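Let's take a walk through this model together. Keep the viewer open as you read, and pause wherever a residue catches your eye.

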Amino acid sequence: MRIGQPTNSERYGSNLFYSVQKVYELDGGLEVDKEFSSPFHVIRQMPMSALSEIEKNMAIIIPIKDERLRLLEGVLCGIPNACFPIILSNSQRSPSDRFVMECSLLDNFCHAAKKKYVIFHQRSPELAQMFRAGGYEHLLDDEGLVRNGKAEGMISGILIAKLLGKKYVGFIDSDNYFPGAVLEYVRLFSSGFAQAKTDYSMVRVQWNSKPKVVDNDLFFARFGRVSRITNQFLNQWLGLLSGFETDILLTGNAGEHAMSMDLAMLMDYSAGFSVETHHFVNLLENFGGALPAPFPEVMSHGVEVFQIQSRNPHLHDFSKGDDHLAEMIEGSLSVIYHSEICPQSLKNHILEELRQHKILKKKEIPAKPRLYPSLKGMDFRAAGKKADWNKHGNFEGTL
Ligand code: GDP
Ligand code: CO
């Protein structure tokens, strides 16, 4: 990869947010190019050799719920061979068992590609048992199983990646039509981590565009309706906290994102559609300095958030419709609204916005999303003992 330097950055406490970086070349060469050694160079080169080293330590978590198998296969084929895929499925088991179909597709694919993988059903007793054994019951419902929802699938994936000893976790949706875009997202993740100066880093992808058909023609939309709103409020918030107006945050709803395991272990996660926006809430609260620092050791190291714009357009399955737009707007703004450090003026502004979209009635306030505390205190040894890996993947006997 050859990527433009961030032209700007904003600091809040120990958080360093970089402005969006642009990709110049998807393949930036195999080895270090000395041309790029000057710190004054405006483009950074991330040689393939460096990206490959990072990818060997990266798990890619793919949440899936009743997607077309052809799409899942495309996503798998876009993931670099060095990365370890972890599939968290919440697909239906009856009348037809879509999960069994996914398992068999994955097994055939990974057998052919000579690749290890893990797949779990989100509602499987084995997964719940791992959380229970590790002393983390927050994710479990009345039936004693992991709750439904994409965020819950993501958290389960993080636990598995941790047990597998991975240093990085990346998230890619399973309904992507372009395997080439998937490959690019992973390379953006590794390019972000290759630039990081601390162990606590996050990489968020800003889609180049989302193609739509408008008036019988292709139209490449830049921002989704939800992202536009989320980013506006995140920036307003960061501006109010720091005292300086900003427009640096452009990835408030980035489903395609990645974290170093060290950071993933410290984050609290919110349920539902607010999970990606909540990452920012959590960073501002935990590492901003306005509240007592829950992890003082991180304060001196710092947290870096990279935002990188992809070159491929993002085309996912939009046959699901726009039903959850209102839910997404409410979820994203609700986590900001309910933060302890959200100023009253911003709260008022959020209420106005939600009323204007007819999401809230007068006098109503946004529902508070469920919050899952960080996985840090889990007993991973006990959780790992409960895992019968051979039943859930392909390791040829070893991990
Ligand atoms: P959108 O892209 O934001 O409109 O949301 P999608 O409906 O495409 O969901 C994003 C990803 O999460 C897709 O890959 C879904 O298959 C997956 N997904 C949705 N709900 C669940 C769930 O309850 N559990 C898991 N594991 N995955 C889910
Ligand atoms: Co989607």
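**A guided tour, from one histidine outward**

His349 counts as partly exposed, at 26% relative accessibility. That label fits because partly exposed covers the range between the buried limit of 20% and the exposed limit of 50%. Keep in mind as you look around that the model is predicted. His349 lies in helix 12, and, leaving aside residues up to four places away in sequence, it touches Gln232, Phe233 and Gln236. To get a feeling for distance, try picking Met101 as well: its C-alpha atom and that of His349 are separated by 47 Å, with the two residues 248 places apart along the chain.

Those contacts of His349 lead us to helix 7, which runs over residues 225–242. How well does the span of helix 7 agree with 1.5 Å a residue? Its 18 residues should span 26 Å, and the end C-alpha atoms are indeed 26 Å apart, so the two values agree. Among the buried residues of helix 7 are Val226, Ile229, Phe233, Leu234, Trp237 and Leu238, and also the polar Asn231 and Asn235. The cover over these buried residues includes strand 2 (9–12) and strand 3 (15–18), together with helix 9 (275–287), helix 11 (325–337) and helix 12 (344–356). Just after helix 7 comes Gly243, with a positive phi near 90°.

Helix 9, one of the elements in that cover, is also the place of His278. Is this histidine buried or exposed? His278 has a relative accessible area of 4%, so it is buried, the limit being under 20%. Not counting residues up to four places away in sequence, the contacts of His278 are Asp268, Tyr269, Ser270, Val335 and Leu371.

For another helix, turn to helix 6, residues 179–195. Its 17 residues should span 24 Å at 1.5 Å a residue, and with 25 Å between the end C-alpha atoms the model agrees. Helix 6 is mostly covered, with 13 of its 17 residues buried.

Now for the ligand. Which residues come nearest to ligand 1? They are Glu67, Gln122, Ser174, Asp175 and Lys320, out of 15 residues around it. By class, that shell is made up of three nonpolar, six polar and six charged residues. Several contacts involve oxygen atoms of ligand 1. A backbone N or O atom of Pro63 lies 2.9 Å from one such oxygen, and a polar backbone atom of Gly149 is likewise 2.9 Å from an oxygen of the ligand. From the side chain of His316, an N or O atom is 3.1 Å from a ligand oxygen. Taken alone, ligand 1 exposes 570 Å², of which the protein buries 84%.

Finally, some backbone details. Ser94 and Pro95 are joined by a cis peptide bond, with omega about 0°, and Pro95 sits in the loop between strand 7 (84–89) and helix 3 (98–113). Asp215 is not a glycine, yet its phi is positive, at about 50°; you will find it in the loop between strand 11 (210–214) and strand 12 (217–221). At 74% relative accessibility, Asp215 counts as exposed. Lys358, also not a glycine, has a positive phi of about 60° and belongs to the loop between helix 12 and strand 16 (371–372). With a relative accessible area of 73%, Lys358 is exposed.

Methods:
Residues numbered from 1 in each chain as written. Chains lettered and ligands numbered in written order. Predicted model: local features only at pLDDT ≥ 70, side-chain atom pairs only at ≥ 80, totals over all residues. Heavy atoms only, no water. Near = heavy atom within 4 Å. Polar contact = N/O pair within 3.5 Å; in protein donor to acceptor, adjacent residues only side chain to side chain. Areas by Shrake-Rupley, 256 points an atom, 1.4 Å probe, with all protein chains shown as cover. Helix = DSSP H or I, 4+ residues; strand = E, 2+ residues; numbered from the N terminus. Expected span 1.5 Å × (residues − 1). Buried < 20%, exposed > 50% of the residue type's maximum accessible area, 1.4 Å probe, protein only. Contact = heavy atoms within 4.5 Å.
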